[in-house]
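Q: I have a model open on my screen and would like to learn how to read its salt bridges and strands. Could you walk me through it?

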Amino acid sequence: MDLVNHLEDRLLFAVPKKGRLYEKAVQLLKGSDVEFHRHNRLDIALSTNMPVALIFLPAADIPVFVGEGRCDLGITGVDQVEESEVDVELALDLRFGKCKLQVQVPKDGEYKEPKQLIGKTIVSSFTTLTRKYFEKLEGVEAGQPLKTKIKHVGGSVEASCALGVADAIVDLVESGETMRAAGLIDIDTVLSTSAYLIQSKTPAEPELVNKLKSRIEGVLAAQKFVLCTYNAPRDNLTSLLSLTPGRRAPTVSPIDDDGWVSVSSMIQRDSKGEIMDKLKDLGASDIMVTEISNCRV
């Protein structure tokens, strides 16, 4: 971290430097109005509109830097946090990078359930989580010797069985395409994971941390919700509002018609079609849905 020691006046924010989380993390930060430009081959980007420096690191290293207080905030997977065993705050579920850490065996092999793997060779890049899983499976105390042999491989874990290195693997599964292409099937799930905003327990810039968290929460809300507005007959308002309760409460405004009011409410994006149909059936009119580009919640 010598290269960032001169950035004492900036909050350090650790971001995955590549891989499945990088693009989504960058989009999230730009949506939060953290303006920056990352130059080629540089792992530091200075924000041009906030006292923030983005430090691009391997996702597996981010929990360590945040846990030790070298960075106030970071974006990484829960799997990496659990694997590192460091003490950080899981501040926000960012709702991307969802996958599962699963025990996988050859599809046509002899192993059908996890207990058959006791005493066998397991390959994973998540050796801490794998060890904990097999400690529980074998019924031994933490740190005690295992019958099962666990090997670390940094990449291409899915090839281990085919190459004769492992009897089974423990690896991340997102869509399952890589697993199936390698002739593997899953027989158990060690951990369900997604990307999180993680926070140091002792942030150097708590006010700025809270501001960034608020901005990110706003982007997440804008991704999850849309704004629904419609005109509602007063005699059926209670039923209509039950469909559009909003995050806290809907906004109900009078209009130039004694029997009607205007309603505005945030509704979940993935339910908007069904909600609009039901509003129409209950007598609402002029129903509109508009995008929310950003908000504060």
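A: Gladly! Let's start with one charged pair. The side chains of Asp33 and Arg215 form a salt bridge, with N to O at 4.0 Å. Keep in mind that this is a predicted model.

Q: Which parts of the chain does the pair of Asp33 and Arg215 tie together?

A: To read a pair, find the element that holds each partner. Asp33 sits in the loop between helix 1 (22-31) and strand 2 (44-46), while Arg215 belongs to helix 6 (residues 206-224), so the salt bridge ties together parts that are 182 residues apart in sequence.

Q: Are Asp33 and Arg215 buried or exposed?

A: Here the cut-off helps: a residue counts as buried under 20% relative accessible area, and as exposed over 50%. Asp33 has 37% and is partly exposed, whereas Arg215, with 16%, is buried.

Q: How many salt bridges are there by this rule?

A: The count comes to 9 salt bridges. One of them pairs Lys278 with Glu274, their closest N and O atoms being 3.1 Å apart. Both of these residues lie in helix 8 (residues 272-281), where a spacing of 4 residues is about one turn of the helix. Lys278 is partly exposed at 39% relative accessible area, and Glu274 is also partly exposed, at 48%.

Q: Which residues are linked in a network of salt bridges?

A: Look for a residue that shares its charge with several partners. Lys17, Arg38 and Asp43 are linked in such a network. Within it, the closest N and O atoms of Asp43 and Arg38 are 3.0 Å apart. Asp43 is partly exposed, with a relative accessible area of 28%.

Q: Now the strands. How many residues of strand 3 are buried?

A: For a strand, check the accessibility of each residue and then each face. In strand 3 (residues 52-57), 6 of the 6 residues are buried, so this strand is largely enclosed by the rest of the structure. Its two faces are both covered: Val52, Leu54 and Phe56 are buried on one side, and Ala53, Ile55 and Leu57 on the other.

Q: What are the pairing partners of strand 3?

A: Follow the bridges and note the direction. Strand 1 (residues 11-16) runs parallel to strand 3, and 6 bridges join them; Pro16, for instance, has Leu57 as its bridge partner in strand 3. Strand 2 pairs with strand 3 in the antiparallel sense over 3 bridges, and Leu46 is matched with Ala53 of strand 3.

Q: What joins strand 2 to strand 3?

A: A hairpin does, through 5 residues.

Notes
Residues numbered from 1 in each chain as written. Predicted model: local features only at pLDDT ≥ 70, side-chain atom pairs only at ≥ 80, totals over all residues. Heavy atoms only, no water. Buried < 20%, exposed > 50% of the residue type's maximum accessible area, 1.4 Å probe, protein only. Pairing = 2+ DSSP bridges.
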